[in-house]
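Here are some short notes for a colleague who has not looked at this structure before. They take up the aromatic side chains and then one glycine.

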Amino acid sequence: MYGGGQASARVYETIWSTIMAKFLCIYREPTMNRVKPSPEEMQALQAAWYAWMQKFSSAIVPGGDGLKRTGRLLKGGLVTDGPYAEAKEVIASFGVIQADNYDAAVAIVRECPAVAAGSGWSIEIREMFGYA
C-alpha cells in the first residue's frame with residue numbers, strides 16, 4: 001500500500017461506504033420478581049425469539065449470548081462482586097446487529113420479543129465505532 005494520495009483515499013472511502021454500521025444491543029431485564037412462565041409460555045417465547053432471529057438473520061451478527069447473573073466490577077483498582085442488589089435491572093444478554101443507520105437498527109430491535117408489552121425489559125442500542 002504505497003503511494004497514498006487521493007486515489008487511495010477514494011478506494012478506502014468506497015470500501016467503508018459499503019460496510020454497514022454495527023449496533024450493540026444490550027438487553028436489560030428487571031430485577032423485580034416476576035411469575036415464572038408456564039412451560040407453554042416458555043415454548044411460545046422461544047418460538048417468538050426463533051422467528052425474530054430467522055426474520056432478521058442477515059442483520060444479526062453471530063456472537064451474542066446470555067450473561068450469568070454474577071460478575072465482578074473493576075473500578076479505581078478495586079474489584080467487587082456485582083451486579084448489586086439495589087440495581088433495578090440487570091444486563092441479561094447482548095447481541096450485535098448490522099443496519100444502515102439508527103432508524104433501521106431500531107426497526108429491527110422494535111420487533112424483538114424482549115420488548116413485548118409488560119415484559120419490563122429494555123434494550124439499549126449503541127452504534128459501534130467499527131474498529132473491527
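**Notes on the predicted model**

1. The count of aromatic pairs comes to four. The structure is a predicted model, and that applies to each point here.

2. One of the pairs is made by Tyr 27 and Trp 49, whose ring centres are 6.0 Å apart. The planes of Tyr 27 and Trp 49 are at 65 degrees to each other, an edge-to-face arrangement. The angle is over 60, and therefore the pair counts as edge-to-face and not as tilted.

3. This pair links distant parts of the chain. Tyr 27 belongs to strand β1 (residues 21-30), while Trp 49 sits in helix α2 (residues 39-55), 22 residues apart.

4. Are the two partners buried or exposed? Tyr 27 has a relative accessible area of 6% and is buried. Trp 49, with a relative accessible area of 23%, is partly exposed. The cut-off for buried is under 20%, which means that a value of 23% does not qualify.

5. Tyr 27 and Trp 49 also belong to one aromatic cluster, together with Trp 52 and Phe 56.

6. Turning to the glycine, Gly 82 lies in strand β4 (residues 78-82). Gly 82 counts as buried because its relative accessibility is 15%.

7. Which residues does Gly 82 contact, leaving aside its neighbours within four places in sequence? They are Arg 69, Thr 70, Gly 71 and Arg 72. For Arg 72, ten residues from Gly 82 along the chain, the separation of the two C-alpha atoms is 5.2 Å.

Key: Residues are numbered from 1 along each chain as its sequence is written. This is a predicted model: local features need pLDDT of at least 70, side-chain atom pairs count only at pLDDT 80 or more; totals for chains, interfaces and linings use all residues. Side-chain values use heavy atoms; hydrogens and water are left out. Rings of Phe, Tyr and Trp (its six-membered ring) pair if their centres lie within 6.5 Å; planes under 30 degrees apart count as stacked, over 60 as edge-to-face and the rest as tilted. Helices (H or I, at least four residues) and strands (E, at least two) are DSSP runs, numbered from the N terminus. Buried means under 20% relative accessible area, exposed over 50%, partly exposed in between (1.4 Å probe, protein chains only). Contact means heavy atoms within 4.5 Å.
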